[in-house]
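Hi,

Here is the structure I promised to pass on. Have a look at it first, and then read my notes below.

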Amino acid sequence: MHVTRFENAPVYEAPNHFDMRCLRLQGKEAGPSEQMWMGLSQILPGGRTGLDGSPMEKLYLVLEGRLTVIGEHDGRTEAHELGPYDSCRFAPGEKRQLENRSQRPVLVALVMPTAAPPPR
């Protein structure tokens, strides 16, 4: 078992993330993990990520606030507003953007693989 106390969770900088504070809860520099890692992000009002793709699947869970998630795959774009305990999955290769369009901070958990899967 590996425990990470919230007060000891390392901060990490994610590229193309604006007005966000990101913490690593498990995996990578937060401790051992073979297949995945978990993060927690606070997104300030107006904060966002870029519309970026990744070869890795990503899972998001909103813990507090209202988060707009935008996905783009095969030229098709869709957006949804998520509230507490709503979640979403972005497929490998799907572009994703997170936006806090509200006046309150958003708290969101992220789980994703440690490494991209091998090509099929």
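To get you started: in which sense do E5 and strand E6 pair, and over how many bridges? They pair in the antiparallel sense, over 7 bridges. E5 covers residues 67-73 and E6 covers residues 76-82, so you can find both in the sequence. One thing to keep in mind as you look around is that this is a predicted model.

Let's stay with that pair for a moment. If you click on Val 69, its bridge partner in E6 is His 80. The hairpin that E5 and E6 make has 2 residues between the strands. Asp 74 in this hairpin takes a positive phi, near 55 degrees.

E5 has another neighbour to check out. It also pairs with E8, again in the antiparallel sense, this time over 5 bridges. Two spots are handy for finding your way here. Ile 70 has Gln 97 of E8 as its bridge partner, and Glu 72 stands opposite Lys 95 in E8.

Are these two strands covered up? For E5, 5 of the 7 residues are buried, so the strand is largely enclosed by the rest of the structure. Strand E8 (residues 95-99) tells a similar story: 4 of its 5 residues are buried, so the rest of the structure largely encloses it too.

Now zoom out to the whole chain. You'll count 9 strands and 0 helices, so the pattern along the sequence reads β-β-β-β-β-β-β-β-β. The radius of gyration is 14 Å, close to the 14 Å that the globule rule gives for 120 residues, so the chain is as compact as a globular protein of that length. Along its principal axes, the C-alpha trace spans about 40 × 40 × 25 Å.As for the surface, buried residues make up 38% of the 120 residues. The chain exposes about 7500 Å², and carbon and sulfur atoms supply 51% of that area.

Two last things about the whole chain. Take the contacts between residues at least 6 apart in sequence: 65% of them join residues at least 24 apart. As for charge, the chain has 14 positive and 15 negative charges, and their mean positions are 1 Å apart.

Cheers

Methods: Residues are numbered from 1 along each chain as its sequence is written. This is a predicted model: local features need pLDDT of at least 70, side-chain atom pairs count only at pLDDT 80 or more; totals for chains, interfaces and linings use all residues. Side-chain values use heavy atoms; hydrogens and water are left out. The radius of gyration is taken over C-alpha atoms; the globule rule is 2.2 Å times the number of residues to the power 0.38. Buried means under 20% relative accessible area, exposed over 50%, partly exposed in between (1.4 Å probe, protein chains only). Contact means heavy atoms within 4.5 Å. Accessible areas come from the Shrake-Rupley method with a 1.4 Å probe; for residues, only the protein chains shown count as cover. Lys and Arg count as positive and Asp and Glu as negative; His and the chain ends are not counted. The place of a charge is taken as NZ of Lys, CZ of Arg, CG of Asp or CD of Glu. Two strands pair if DSSP finds at least two bridges between them.
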